[in-house]
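Reader: I work with force fields, and I would love a close look at the charged side chains in this model. Please take me through how they pair up, and then show me what surrounds them.

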Amino acid sequence: MATHTGIEGVIHIGTDAIGEIKGWSYTEGVATHDTTTLNDTADTHSVGTTNWSGSAESFWDLDDTAQAALTIGASITLKFYPEGAASADKYKTGTATVESINASGATDDMANVSFSFKGNGALADATVA
């Protein structure tokens with residue numbers, strides 16, 4: 001089994017890599033529906049729809065094409081590359097809505113920006129050609 005360090009990771013908005021990226025994450029989940037009845041001795045449930053969300057944090061770069069595409073409410077195509085984006089590398093891809101943007105700065109730090117996304121449809125497995 002291959003392992004990878006976080007430094008290999010890349011995230012793309014469409015075909016553009018987010019510049020100055022410091023970190024990213026995504027979470028996949030599933031909705032569950034309680035089916036427990038009064039005489040049951042243990043909880044039961046059925047499985048509903050899947051969902052996902054994610055975030056990215058960067059040094060704020062106002063000239064970066066990918067960062068500029070991340071505006072509140074924008075529908076974007078995300079690609080999460082945990083092992084890099086070289087030929088045969090595996091990644092996750094999906095359409096998402098930009099839910100929030102949080103920018104910050106301090107005298108002892110660079111200007112930072114973080115973006116939060118909510119999946120719109122499934123997050124799919126893919127392989128770099």
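Author: Happy to, and let's begin with a lysine. K22 has a relative accessibility of 40% and counts as partly exposed; on this scale buried is under 20% relative accessible area, exposed is over 50% and partly exposed is in between (1.4 Å probe, protein chains only). E57, with 35% relative accessibility, is also partly exposed. The side chains of K22 and E57 meet in a salt bridge, with 3.4 Å from N to O (a Lys or Arg side-chain nitrogen within 4 Å of an Asp or Glu carboxyl oxygen). K22 belongs to strand β3 (residues 21–34) and E57 to strand β4 (residues 45–59), so this pair ties together parts that lie 35 residues apart in sequence. Strands here are DSSP runs of E with at least two residues, helices are runs of H or I with at least four, and both are numbered from the N terminus.

Before going on, a word on where these values come from. This is a predicted model, where local features need pLDDT of at least 70 and side-chain atom pairs count only at pLDDT 80 or more, while totals for chains, interfaces and linings use all residues. Residues are numbered from 1 along each chain as its sequence is written, and side-chain values use heavy atoms, with hydrogens and water left out.

By the salt-bridge rule, the count comes to three. K92 takes part in a salt bridge with E28, and their closest N and O atoms are 3.3 Å apart. This pair also links distant parts of the chain: K92 sits in strand β6 (residues 90–104) and E28 in strand β3, 64 residues apart. The two partners fall into separate exposure classes: K92 is buried, with a relative accessible area of 15%, whereas E28 is partly exposed at 43% relative accessibility.

K92 has another acidic partner, D125, and the side chains of D125 and K92 form a salt bridge of 2.8 Å, N to O. Here D125 in strand β8 (residues 124–127) is connected to K92 in strand β6, with their positions 33 residues apart in sequence. D125 counts as exposed, at 63% relative accessibility. Put together, E28, K92 and D125 form a network of salt bridges. For your electrostatics, then, the picture is a buried lysine that pairs with a partly exposed glutamate and with an exposed aspartate.

Now for the fold around these pairs. The protein contains one helix and eight strands, and along the sequence they follow the pattern β-β-β-β-α-β-β-β-β. Strand β6, which carries K92, pairs with β5 in the antiparallel sense over six bridges; two strands pair if DSSP finds at least two bridges between them. Within that pairing, I76 has A96 of β6 as its bridge partner. β5 also has β1 as an antiparallel partner, joined to it by four bridges. There, I13 is bridged to L78 of β5. Five of the seven residues of β5 are buried, so this strand is largely enclosed by the rest of the structure.

The nonpolar side brings several of these strands together. The largest nonpolar core (buried Ala, Val, Leu, Ile, Met, Phe, Trp, Tyr and Cys joined through side-chain atoms within 4.5 Å) has 17 residues, and I11, I13, I18, L70, I76, L78 and F117 have the most contacts inside it. Two or more residues of this core come from each of β1 (10–13), β4, β5 (75–81), β6 and β7 (112–119). I76 shows this well: leaving out residues up to four places away in sequence, I76 touches I13, A69, L70, G94, T95, A96, V98 and F117; contact means heavy atoms within 4.5 Å. A96 is thus on the list of residues touched by I76 as well as being the bridge partner of I76 in β6.

Stepping back to the whole chain, 28% of the 129 residues count as buried. Among contacts with a separation of 6 or more, 63% are between residues 24 or more positions apart. The C-alpha atoms fill a box of roughly 60 × 35 × 30 Å along the principal axes.
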